[in-house]
Amino acid sequence: MALPVVKLGTLAVKTFSKPIANRIKKQATHHPKFRQFIINLAQANHRFTTQIQRRIYGRATDVAIRPLNEEKAVQAAADLAGELFVFSVAGAALIFEVQRSSRSEARKEELRRQELEKASVGIPEKGWLVVTKSW
């Protein structure tokens, strides 16, 4: 019962994160300090990706890379910020699922260990271990 509810909850969080990402994109274009920050981020990202592409294709990497114009930089950085937000929400949901599964498995293992301790009471003087299956 809990598993479908958790899965549905993580799906809902991912779905609700998309409008938040769009809101971040919209705010990025209007707030002056944030706008300048994302322009710098977009320019750095543009230089990095251009250098990587040039290395991959075997072209000269010591040439000057023209910066993006301001509007393209804002749009690229706003898209990047929105996608990073959605990706981080999905990553957090994944980590939550893994931890929840790990805790569940640890509880099951502890129950198995307790059952083995109860079942191992038989013939301790000969060093034998008697295990009974409970299913």
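User: How many residues does H3 have, and what span in Å does H3 reach from its first C-alpha to its last?
Analyst: In this predicted model, helix H3 has 50 residues. At 1.5 Å a residue the expected span is 74 Å, and the helix comes close to that value. From first C-alpha to last, H3 reaches 72 Å.

User: What span does H2 reach from its first C-alpha to its last?
Analyst: Helix H2 has 25 residues. The span expected at 1.5 Å a residue is 36 Å, and H2 is close to it. The span from first C-alpha to last is 36 Å.

User: Which residue just after H2 takes a positive phi?
Analyst: H2 covers residues 32–56. Just after this helix, a phi of about 75 degrees occurs at Gly 58.

User: How many helices and strands does the secondary structure of the protein come to, and how do the elements run from the N terminus on?
Analyst: The secondary structure comes to three helices and zero strands. From the N terminus on, the order of elements is α-α-α.

User: Which residues form the largest nonpolar core, and which helix supplies the largest share?
Analyst: The core has eight residues: Ala 28, Ile 38, Ile 39, Ala 42, Ala 73, Val 74, Ala 77 and Ala 78. Both H2 and H3 supply at least two residues of this core. The largest share is four residues, and it comes from H3.

User: Leaving aside neighbours within four places in sequence, which residues is Ile 38 in contact with?
Analyst: Ile 38 is one of the buried residues of H2 and belongs to the largest nonpolar core. With sequence neighbours within four places left aside, its contacts are Ala 28, Ala 73, Val 74, Ala 77 and Ala 78.

User: Is Gln 43 buried or exposed?
Analyst: Gln 43 has its place in helix H2. Leaving aside neighbours within four places in sequence, Gln 43 is in contact with Pro 67, Leu 68 and Ala 73. Its relative accessible area is 11%, and the cut-off for burial is under 20%, so Gln 43 is buried.

User: How is the aromatic pair found in the whole structure arranged?
Analyst: A search of the whole structure finds one aromatic pair. The ring centres of Phe 34 and Phe 37 are 6.4 Å apart, with planes at 25 degrees. Planes under 30 degrees apart count as stacked, so the pair is stacked.

User: Why are Phe 34 and Phe 37 separated by about one helical turn, and what is the relative accessible area of each?
Analyst: The two residues lie three residues apart in helix H2, so about one helical turn separates them. Phe 34 is partly exposed, at 29%. Phe 37 is exposed, and its relative accessible area is 51%.

User: Which residue meets Arg 35 in a salt bridge at 3.1 Å, N to O?
Analyst: Side chains of opposite charge can pair when their charged atoms come close. Arg 35 in helix H2 is paired with a residue in helix H3, 35 residues apart, so the pair links distant parts of the chain. Arg 35 counts as buried at 17% relative accessibility, whereas its partner counts as partly exposed at 46%. The partner is Glu 70.

User: What is the distance between the closest N and O atoms of Glu 97 and Arg 100?
Analyst: Glu 97 and Arg 100 are three residues apart in helix H3, so about one helical turn separates them. Glu 97 counts as buried at 14% relative accessibility, whereas Arg 100 is partly exposed at 22%. The two form a salt bridge, and their closest N and O atoms are apart by 3.3 Å.

User: Which residue forms a salt bridge with Arg 112?
Analyst: Arg 112 is partly exposed, with a relative accessible area of 40%. Its partner also lies in helix H3, three residues apart, and counts as partly exposed at 44% relative accessibility. The closest N and O atoms are 2.7 Å apart, and the partner is Glu 109.

User: How many salt bridges are there, and which residues do salt bridges that share partners join into one network?
Analyst: The count comes to six salt bridges. Those that share partners make one network of Arg 35, Glu 70 and Glu 71.

User: What percentage of the 135 residues in the protein is buried, and what area does the protein expose?
Analyst: Buried residues make up 16% of the 135 residues. Carbon and sulfur atoms supply 62% of the exposed area, which is about 10800 Å².

Terms used
Residues numbered from 1 in each chain as written. Predicted model: local features only at pLDDT ≥ 70, side-chain atom pairs only at ≥ 80, totals over all residues. Heavy atoms only, no water. Phe/Tyr/Trp six-rings, centres within 6.5 Å; stacked < 30°, edge-to-face > 60°. Buried < 20%, exposed > 50% of the residue type's maximum accessible area, 1.4 Å probe, protein only. Salt bridge = Lys/Arg side-chain N within 4 Å of Asp/Glu carboxyl O. Expected span 1.5 Å × (residues − 1). Contact = heavy atoms within 4.5 Å. Core = buried A, V, L, I, M, F, W, Y, C linked by side-chain atoms within 4.5 Å. Areas by Shrake-Rupley, 256 points an atom, 1.4 Å probe, with all protein chains shown as cover.
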